[in-house]
Every structure is written in C-alpha cells, then in structure tokens.
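Reader: I am in my first year and still learning to read models of this kind. Could you take me slowly through one part of the structure shown here, and then set that part in its surroundings?

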Amino acid sequence: MDPSAPIATSPAVAARGGGRPAVRASFGGYAFIAPAFLVLLAFLLVPAVWVFGLSLFRWDLIANNPTFVGLANFERLLLRDDLWWQSVRQTVYYTAVAVPAGMALGLLLAVLLDAKLPGRHLLRGAVFAPYVTPFVATIVIWIWIFNPDYGVLNALLGALHLPRPGWTHSPDWIMPAIIIYGIWQHTGLNLVIYLAGLANIPADLQEAARVDGAGPWRVFWRITWPLLSPTTYFLLFINLIGSFKVTVPVYVFTDNTGGPDQAAETIGFYLYQQAFAFFHAGYAGAISVAFFLLILAITGIQMRFASRRVFYT
Amino acid sequence: MSRRRAGLALRYLLAVPLAAAFLFPFYWMLVLSLNRPDAILEFPPRLWPQWQIQNYVEVWRFVNWPGLFANTVLTTAGRVLLVLVTSTLAGYAFASMRFVGKAAAFGLVLAVYMVPTEVTLVPNYITLSHLGWLDSYQAQFVPLAASVFGIFLMRQYFLTLPKDLWEAAQLDGCGHLRYLWSIAAPLARPALVTIALLQFIEGWNAFLWPLIVTSTDRVRPLQVGLAAFSFTDSTRPELLAAGAFMTTLPILIVFLIAQRQLVGGIASTGIRG
C-alpha cells in the first residue's frame, strides 16, 4: 500500500532497456504513473464503483454483518424517508440562494477592484482570506456573531430597529445563517476567477465603446458581461457542485445535530450521519449513489448547456 | 480627469466597506479571544479587545494544543510530500515518456476528477478498517496522496520544457529518473510551489475525513480538536476564540507571504487542491 514502493523498481533502467516489444519499453512509464494510480484507483475509482454494490446491502459498520437486500435501501430512501427529502430540499435551498448571491457579489467586487486602484491587493486579499482559512476556526466565531441574545449581528440589527432573528437557534433562520457563512466563505473564489476573466477581455473593446459614448453601465452589459460568459458558466458549474456538497458548516453550526427540527439537514450531512453516527453503511451507500447521480446530472446538464450558450455573438 | 476621480471615489466607497465586512469575522476572532470571562454576556457587545492575553495561556490547560499541532503538521507534511512525488512522477510520464495505453491512462485520471469525494467516504472507511489504519496518521493522508490537478499541472509544465534538454541529458547517459530529479523537476519549481501551497492549505484545514477516521487525541489534527472543544465547552468562548486564532494563524501567515501564487493556483483550477 506504500505508494512510493514502485519507484524502487528502477524505472530509468527499464525505460532504457529498450526491449523490442512496445509493452516492454512501457515499463518505465508504468512505474512512473504507478504511485499516483495506486492511490487514485484504491481511494477514488474503486470506491466510486464499489459504493453502488454497497448500496444493495444492509451493512452495520459496528457489527460488520453485510446482508444483501437488493434495492430495499433505495425503496426506503425514495419512498419512505422524509428526512432524505428534507435534506434534498434544504440543499436546494442553500444552493438556490448561496450560488447566485456569491457569484453576484464576486462579480461586483471584481468589477470594482479590477481597475488600477491603489490598495486593490489588500482589498482583494480581505475578500479572499475566508476561502483559505479553516472551516471550524471561522465557524466557531460566526456562531457567536449569530448568537441571538449576545451576538454582534443582532446588536447591529437592533440598533437599526430591525427584527432580531433567532439565527442558529431557530428552524427558520438556521439555513439563512449557514448561507450567509457560505457566501462569506466562498465569494473570494468567485472574485479571483472573475478577475482572471476580466483580465482576458481586450481593453480596447471597452475603450472603443467608451469613445463611442457608451456609459459604464452600458459598457458593462453590452461588452463585459457577454465576454465574461465562459467565466460565468465555469463558476456556475463549480459553485453548483460545491454547494451541493455542503456538509462541514452544517456539522459545526448545529453541533452535529442537523439543527432545530433538522432544519439544516443537507444531503452531505445526512450521508455523514447515516454512515458515521448511525453506522448504516449500506443505507449511506444508497445516499451516496443518489448523490453521485445528482452530481453527474448537474455535470451533464451543465456541459450540454455550456457548449451551446458559452459563445457570445 | 475629475470624472475619473469621481469614479475612483465611488469604487472605494463600495469596495472598502465590503472588504471590511469580509475581514470583520477575523477581527472579531481576535476581539473575542482577548475578552475577559463573562464579557461575552454583555449586550451590546464590546467592539474593542480587552487585551486579556492570558487567554492564550489558559486555553492550553483545556486542550493539548502542542500534540494536536504536531499531528496537523505531520499529516499535512505527509500529504504535501506524497502529492509532490506522485504528481511529479505521473506528470512527467504523461508529458515525456512513451508507453502503451498512455492516452487511456490519462483519460482515466481525468475521469476520476468527476468523482465527488463524498461518495468515497464509506467505502474508504471500510478499506481503512480492513487495513487496520483507523485512528492513525497514514489514514489521514495516504488516501489523499495523489491529486488529479497536481498531475495535470506538472504535465503541463513538463510539456513546455525544450526537447533538446532531454536529448542532451540522454547523450550524457542520463536516465529518466535522474533527468527528472536533477533537471526537469527543478525547472518546474513554480508548479511544485503551487501544488505544495494548495496541498498545505487543504491538509491544514482538513476536517471531515480526519473526523471520520480518527477517534483519539493521539493522532487527531487541530481542526477536529477545536470542534470537540467547541462542542463540549461552550461556556468559555474567549478560550475557544483564542484556540481558533492559533489554528488560523499559520494559514494567514502563509496566505500573506504567498498570496499571489496561491490566488493564481486556485484561479487556474477553481478548486483547492
């Protein structure tokens, strides 16, 4: 299982050995890709196939007594499991708000910070920092920011004479809290990718439009936004996939409970709980398969859509 | 000219408050960590730190930070090193070596990219329990010791190296491995730095997988220990914040030093690691 082991077979010698058959000459290449391949096969590809088999068993991780049950797990999941459908709804809710909001904010900041603004690196860094800092360390702080009684956010809302929601203590407000955290955490990625997209737009196009008398608003919607469409589609894709996987924020924000009335149950968190809180490996396998198919469907739709729409006229 | 200046002012007017809002939680982390006990129960909350520096000492009584810190360093270093080795070797093979089935093998690598790691959690857990690796260091980084992005980036880099370089080295009796070690890999340093940075961040921040495969403080990383502390002791938020700040600081330092490489690396992939 040691990934570095195959290097010891001296690939350099094998490669120069130059035996006649092509396969013989290939040993060097095989030895070089072997460490990476062992890991990718053992821990990504094989599990991705195996999980389909796993989903056909009732398999308690503690007792470790797999029993073949056919499609019973799927029957229960799709027809009788309200919590699963709750997790699908909450995941869609999270995605439907966090993805557009995060992308719009990232685009706004990218347009603001694209110019040769003194201090722009500092401002970009401020927005990007949450993306690279640990989930747990930042969420434990956000939990106190959201505290309904003593939190700084409700202090601010109170000072503005706005209602003060129960945030993480309320079934209606826990998802908005996690969504706000998600937007805070993720906008930096959208910002830097939009900045890279903006850098690829030839400056003379916008300049020409300006010379023709178009205002900044018009230049943006007529030139910049259409030319950014490949970036937007790329971002939409990675944001959708990323937000469908949201798990750790739910775990930490809700103290591993799923929140009041399971209001923050997401697919990823439900999968985690079934597998590692209740040890239902087979059932978690069925959830994994459903989740996998969902992700593949998004990918498929995205690819079809992108190949048609990504080109501007 | 004055119109341009007005535009600049408008940009600042929008961008500075937004950026400040993004920074605020970090500031708040610092403020909370320097609060006196019970300050958290004041409402409205104090906006300035009380400079209770001893929180950073007291928090050591509750959690074995040096142990957790060492575990994080060890598993992160293991991950970074292994990914660098596997990416360099495979990237080089795909760029510069000839072997039967190369295109198919590369296609397979790219296909693996589509697999969400979430679906591998349960099978990998079962595999590790069969290997007897649960609650170990290697469980936390060996399954993550290869990166599709790393392989891809190294391949792209090696493809740009001039062919004569390899031919000259060959004339000197240099094999692939020696050429790679002494000539090609050093030339690919920017790519190696990018991969190392991304893997460092991923390794340092890793939470879900270590949470699943570890069960004791002996091998647990900082983030898992911090979450456990947060769940069991919610009465001392100033200590929790001090712990959070200590676990975030190394990332912030690396971020400040290497912001450009890091942003460039992430922007080119859209993913961490």
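Author: What follows looks at the side of chain B that touches chain A, and then at each chain in turn.

Please keep in mind from the start that this is a predicted model, and that the predictor gives the complex an ipTM of 0.92 together with a pTM of 0.91. For chain B the pLDDT averages 90, with 97% of the residues scoring at least 70, while for chain A the average is 89 and 91% of the residues score at least 70.

How many residues of chain B are in contact with chain A? There are 82 of them, and they meet 80 residues of chain A. The largest share of this side of chain B comes from helix α1 of chain B, which runs over residues 2-33 and supplies 13 residues. If you sort the residues of this side by their chemical character, you find 64 that are nonpolar, 13 that are polar and 5 that are charged. As a general remark, the size of an interface is often given as the accessible area lost when the parts come together.

Let us now turn to chain B as a whole, which has 14 helices and 0 strands, so that, in the order of its elements from the N terminus on, you read α-α-α-α-α-α-α-α-α-α-α-α-α-α. The C-alpha atoms of chain B fill a box of roughly 75 × 70 × 35 Å along the principal axes. Its radius of gyration is 24 Å, whereas a compact globule of 273 residues would have one near 19 Å. Of the 273 residues of chain B, 45% count as buried, and among the contacts in chain B with a separation of 6 or more, 77% join residues that are 24 or more positions apart.

Three residues of chain B can serve as examples of how such surroundings are described. Ile266(B) lies in helix α14 of chain B, residues 259-267, and it counts as buried because it has 23 C-beta neighbours inside 10 Å, where 20 or more are needed. Ile266(B) and Ile195(B) are 71 residues apart in sequence, and their C-alpha atoms are 9.8 Å apart in space. Phe69(B), by contrast, has its place in helix α3 of chain B, residues 65-96, and counts as partly exposed because it has 16 C-beta neighbours inside 10 Å. Between the C-alpha atoms of Phe69(B) and Ala228(B), which are 159 residues apart along the chain, the separation is 15 Å.

The third example, Asp135(B), is found in the loop between α5 (121-131) and α6 (138-141) of chain B. With 15 C-beta neighbours inside 10 Å, Asp135(B) counts as partly exposed. Its backbone deserves a second look, since Asp135(B) has a positive phi of about 55° although it is not a glycine. Most residues other than glycine have a negative phi.

Chain A offers a residue to set beside that one. Asn64(A) also has a positive phi of about 55° and is not a glycine, and it sits in the loop between β1 (57-58) and β2 (67-68) of chain A. Is Asn64(A) buried or exposed? Asn64(A) counts as exposed, because it has 12 C-beta neighbours inside 10 Å, and 12 or fewer is the cut-off for that word.

Looking at chain A more widely, you will find 15 helices and 2 strands. The radius of gyration of chain A is 25 Å, well over the 20 Å that the globule rule gives for 313 residues, and chain A is therefore more spread out than a compact globule. Its C-alpha trace spans about 70 × 60 × 35 Å along the principal axes. The domain assignment divides chain A into domain 1 (5-54) and domain 2 (74-309), and the C-alpha centres of these two domains lie 38 Å apart. Of the 313 residues of chain A, 46% count as buried, and residues 24 or more positions apart account for 66% of the contacts in chain A with a separation of 6 or more.

Finally, the confidence within chain A should be read with care. Among the elements of chain A, helix α14 (residues 267-276) has the highest mean pLDDT, 97, and helix α1 (residues 11-17) has the lowest, 44. Over residues 1-20 of chain A the pLDDT stays under 50, and for this stretch the model has 39 contacts beyond four places in sequence.

Terms used. Residues numbered from 1 in each chain as written. Chains lettered and ligands numbered in written order. Predicted model: local features only at pLDDT ≥ 70, side-chain atom pairs only at ≥ 80, totals over all residues. Contact = placed C-beta atoms within 7 Å. Helix = DSSP H or I, 4+ residues; strand = E, 2+ residues; numbered from the N terminus. Nonpolar A, V, L, I, M, F, W, Y, C, P; charged D, E, K, R; others polar. Domains from an automatic or database assignment. Rg over C-alpha atoms; globule rule 2.2 N^0.38 Å. pLDDT = per-residue confidence, 0-100.
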